[in-house]
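Visitor: Could you take me through one part of this model up close, starting with a strand and how it is paired? After that, feel free to wander outward to whatever helps me place it.

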Amino acid sequence: MPHLPVRSRRIGAIAVGLALVGGAAACGPKSDDDKASDGTPQKGGTLYVLNNQALEDFDPARLYTSGGGNVPSLVYRTLTTRNREDGAAGAKVVPDLATNTGEPSQNATVWTYHLKDGLKYEDGTAITTADIKYDIERSFAPELSGGAPYLRDWLVGAADYQGPYKDPKGLSSIETPDAKTIVFHLNKPEGEFPLLATQTSFAPVPKAKDTGTKYAEHPVSSGPYKVVSNQNNGEHLVLERNPYWSAATDDQRKAYPDTIDVTSGLDQAVINQRLSAGVGKDADAVTTDTNLGPSELAQVSGDKSLASRVGTGYFGYTDYIAFNPKVAPFDNIKVREAIAYAVNRTTVVNAQGGSSLNKPATTFLPDQASFGYTPYDPFPAGATGDPAKAKELLAAAGYPNGLTITLTHDTTKGDEQGPEVATAVQEALKLAGITVKLDGQEHNAFSDTIRTVSTEPGFFLTGWGADWPSGGPFLGPIFDGRQIVTDGANFNSAQLNDPSVNAEIDAINKITDLQEAAKRWGALDKKIGAQALTVPLYHPVYKRLFGTNIRNVVISDWTGVLDVSQVAVK
Amino acid sequence: MTVDALTAVEAGVDATASAPALGARQLWRRLRAQRAALAGGVVIVLLVLIALGAPLLAGIEGQDTTSYHADLLDSAAGAVPRGTFGGVSGEHWLGIEPTTGRDLFARLVYGARISLFVAFGATLLQVLVGGAFGLAAGLGNRFVDGLLSRTTDVFVTMPALIFAIALIAVVPGGFPRPVLLMLVLGLLAWGGIAKIVRAQVLAHKTLDYVAASRLAGSGPWRTARRELLPALVAPVMTYAAILLPTNVVSEASLSFLGIGVKPPTASWGQMLSSANTWYQADPAYVLLPALLLFVTVLAFTVFAEGVRVALDPRAASRLRIGTGRARKDEAGDGSGDGEAVVEK
């Protein structure tokens, strides 16, 4: 488990990044249909992407994406990819470079893939499995840090591998018996390997063209677009068509525009202002990382033409109250239950911008089938909380006169763990006789405090998103007792180490039928939920504007964001 | 701000240097003659009354600062208040806060407490610390003067706001924030007042009446207390009146930056900070704290100018107040003389 901390921290980071970057498309499927009826999408034109955060380190070994990313996926094809469809269908994994999503054997510890025919790079040379193996090896190089760290835990003998520059022998756990076959040997069953194979570390990189840390400036494209300019480390990226990409081998990317121009570093208010005005080139623009804020939503809701240009999407994410049962009085389950009853999800949702931007949550898993969502509510508090029931439980717990506790939160204004949510919780608990003192901490200090076992407070706000839409990366890091780490990247806030939970996680990881696995994750979530180790608060909803000329808006439940590979500007 | 205020006050200070100490009644008469200053003073008194009576006022309205009113918000539209002008109604006189539904009137009147407490407290501290430093530097020997003056220079040149941000960040969370704000502002921005006091002490030290007092056997402490302090009242009061609005703004700035009072406590700066994204969707939410802050700072500034003019013998003579002629006017047609005379 030595690499777990890195993994967990990165997951957290990406989840937050996605949350910020996420909400793009217009009221989902409905809007899409409206747009499509204006005329079928045509090839040509330039699509502008206006973003807040730069696409730093645009190297397939260094990018940490969910499902291969939005813009990265235009340049890098991977063994598998996410299904480019609206809603729940978009949470499925489909083949990309490979002919299928993977052939498991030996109890899901060996995974074999075969490449499609006719796959070419931007220079016309053929894509081989050796190049995919090479990119995975690169992702282990310390100089190319940043990518998803799962493989270090999963691949046999990879724990201490230092990358192909220091160790050219490579990883023996990845075999390439011929140019079209690749075999992965894992040290434990991983039924969700096909979902991991969507990440950009599974893209091909030709060894002869590898320029190490400079590769991001001009990577060799396997997708429909190639990078013609990458300024200031991803701040301004210009992509043009890759003539050797063939739609015949790629049924996922539509690639309508001729050019994609990505500008980052823009203020979020400016992005929303430009997209709503839609003047000039901004009519052909979208954003993949900027949500509408509550105040902007209030404006949009009063303007029908603007409202038709808002894309609504759902990325699997849950914001919740975490308890540390090692700290009194949260060791008493009745106290935790009382808080679960007292919480008013309506005021919490309002604090984050209202019911259009958030859905109240009673389950830890996001309410999507791919996660194995199983509806449950062990402590039914209704929409506005049940302070009377909470008082009863408190009295039973030995606090008939109420109690005083401290809620730790982030001081960042508007943050999901910020003072607005903390104050709403404080006010709701007041009605149940619980006095809540607020301990606001600066963003980085806050995440260090809550992620370090020795400093972890008893009662704090946090959130979790997964690297792929499944129960595994959602429940594992949070409730698997073997993933408790003491060095500052612990996500198992409850420090739960329940042998039956651990065993069930292992059992589900062996299942290669993802639907079957999802059911088991849902059941496990329900079982853990009864222990009141968390109080799920809400699932964020992404609402993002797009320009007046944008057509064919597709928003999957995998990313919650409009897919730039599907968008047309004509 | 400090440097500007410093230059602004020095004109008046020079003139007051050799003026005899002013009586309270005379000061009042001179202040009264300036309508703007008087209006400023009235506003300040009102604000103080509002701040002191905040629980009473909120009680009359029947609201408090922390209760949420989710039923009055349009949750689907970004949790914006329903109704006109930010949800103004008989129950909520100035409307409610978006995303929470907390009562704005109650939050504004309670916010006045924070703004005024911090501003008055910080100003008092600045006067005390600055006065002590200036007096000691002016009266001390070359070494003491050098040491204290250089220390003062450090505080004058220091970017107080940035330093305040750093200082507030390291203080433990349990410390009461309004007191902390008062202490930080008060103990950082006293440099200007120290310089003025020192300059005044140096100027007076050489004057005959001080020399006479020393010759009569008074020690330095007695001289300072009996002879120098009364002469310092005018410049210090003038400068303090200018510091007050600066401190109101500083408190609002720190709260605006999110390091002022902690939620759910209301302060105008904090309200302005939460409101700044709502200027289009709910203008009332932005306008109310902004307007109050504007009126407060304006009232203090105008009043400060009035105090400066009243304490400036040159300006006073221009006003023809407290001179023989003004007395004649007063005797003639009562108190409505001020402005007409000023116009000359």
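Guide: Strand S1(A) runs parallel to strand S10 (residues 259-263) of chain A, and five bridges join the two. If you want a spot to click on, Val49(A) sits opposite Val262(A) in S10(A). S1(A) has another parallel partner, strand S11 (residues 285-286) of chain A, joined to it by two bridges. There, Tyr48(A) is the residue that faces Ala285(A). Four of the five residues of S1(A) are buried, so the rest of the structure largely encloses this strand.

One thing to keep in mind as you look: this is a predicted model. Chain A averages a pLDDT of 90, with 93% of the residues scoring at least 70. The stretch to be wary of is residues 1-37 of chain A, where pLDDT stays under 50.

Now follow the chain out of S1(A). In the loop between strand S1 (46-50) and helix H3 (72-75) of chain A you'll find Phe58(A). Is Phe58(A) buried or exposed? It counts as buried, because 25 other C-beta atoms lie within 10 Å and the cut-off for buried is 20 or more. Setting aside neighbours within four places in sequence, its contacts include Leu63(A), Ala216(A), Pro219(A) and Leu237(A). Asn230(A) and Gly234(A) are also in contact with Phe58(A). Tyr215(A) is 157 residues from Phe58(A) in sequence, yet their C-alpha atoms are 8.2 Å apart. Long-range links like that show up across the chain: among contacts in chain A between residues at least 6 apart in sequence, 76% join residues at least 24 apart.

For contrast with those parallel pairings, have a look at the open sheet of four strands in chain A, ordered S4-S5-S7-S6, where the pairing is antiparallel. Its edges are strand S4 (103-105) and strand S6 (174-178) of chain A, each of which pairs on one side only. From one strand to the next, the twist averages 20°. Three bridges hold the antiparallel pair made by S6(A) and strand S7 (residues 181-185) of chain A, with Glu175(A) opposite Val183(A) in S7(A). Helix H4 (residues 129-138) of chain A packs on this sheet and touches S6 and S7 of chain A, its direction making about 165° with that of S6(A).

There is another antiparallel pair further along: strand S12 (residues 310-313) of chain A and S19(A), over four bridges. Here Tyr542(A) in S19(A) is the bridge partner of Gly313(A). In a regular strand, side chains alternate between the two faces of the sheet. You can see that in strand S19 (residues 542-545) of chain A: Tyr542(A) and Arg544(A) point one way, Lys543(A) and Leu545(A) the other, and all are buried.

Helices can be read in a similar spirit. In helix H16 (residues 499-509) of chain A, the buried residues are Glu504(A), Ile505(A) and Ile508(A). They span an arc of only 105° around the axis, which puts them on the same side of H16(A). Pro499(A) and Ala503(A), on the other side of H16(A), are exposed. The cover over those buried residues of H16(A) includes helix H15 (472-479) and helix H17 (514-529) of chain A.

To zoom out, chain A has 17 helices and 19 strands, and 58% of its 570 residues count as buried. Its radius of gyration is 24 Å, which agrees with the value near 25 Å for a compact globule of 570 residues.

Terms used. Residues numbered from 1 in each chain as written. Chains lettered and ligands numbered in written order. Predicted model: local features only at pLDDT ≥ 70, side-chain atom pairs only at ≥ 80, totals over all residues. pLDDT = per-residue confidence, 0-100. Contact = placed C-beta atoms within 7 Å. Buried ≥ 20, exposed ≤ 12 C-beta atoms within 10 Å, placed from the backbone. Arc of directions from axis to C-beta. Rg over C-alpha atoms; globule rule 2.2 N^0.38 Å. Pairing = 2+ DSSP bridges. Axes fitted to C-alpha atoms, helices over the stretch in contact; angles between N-to-C directions.
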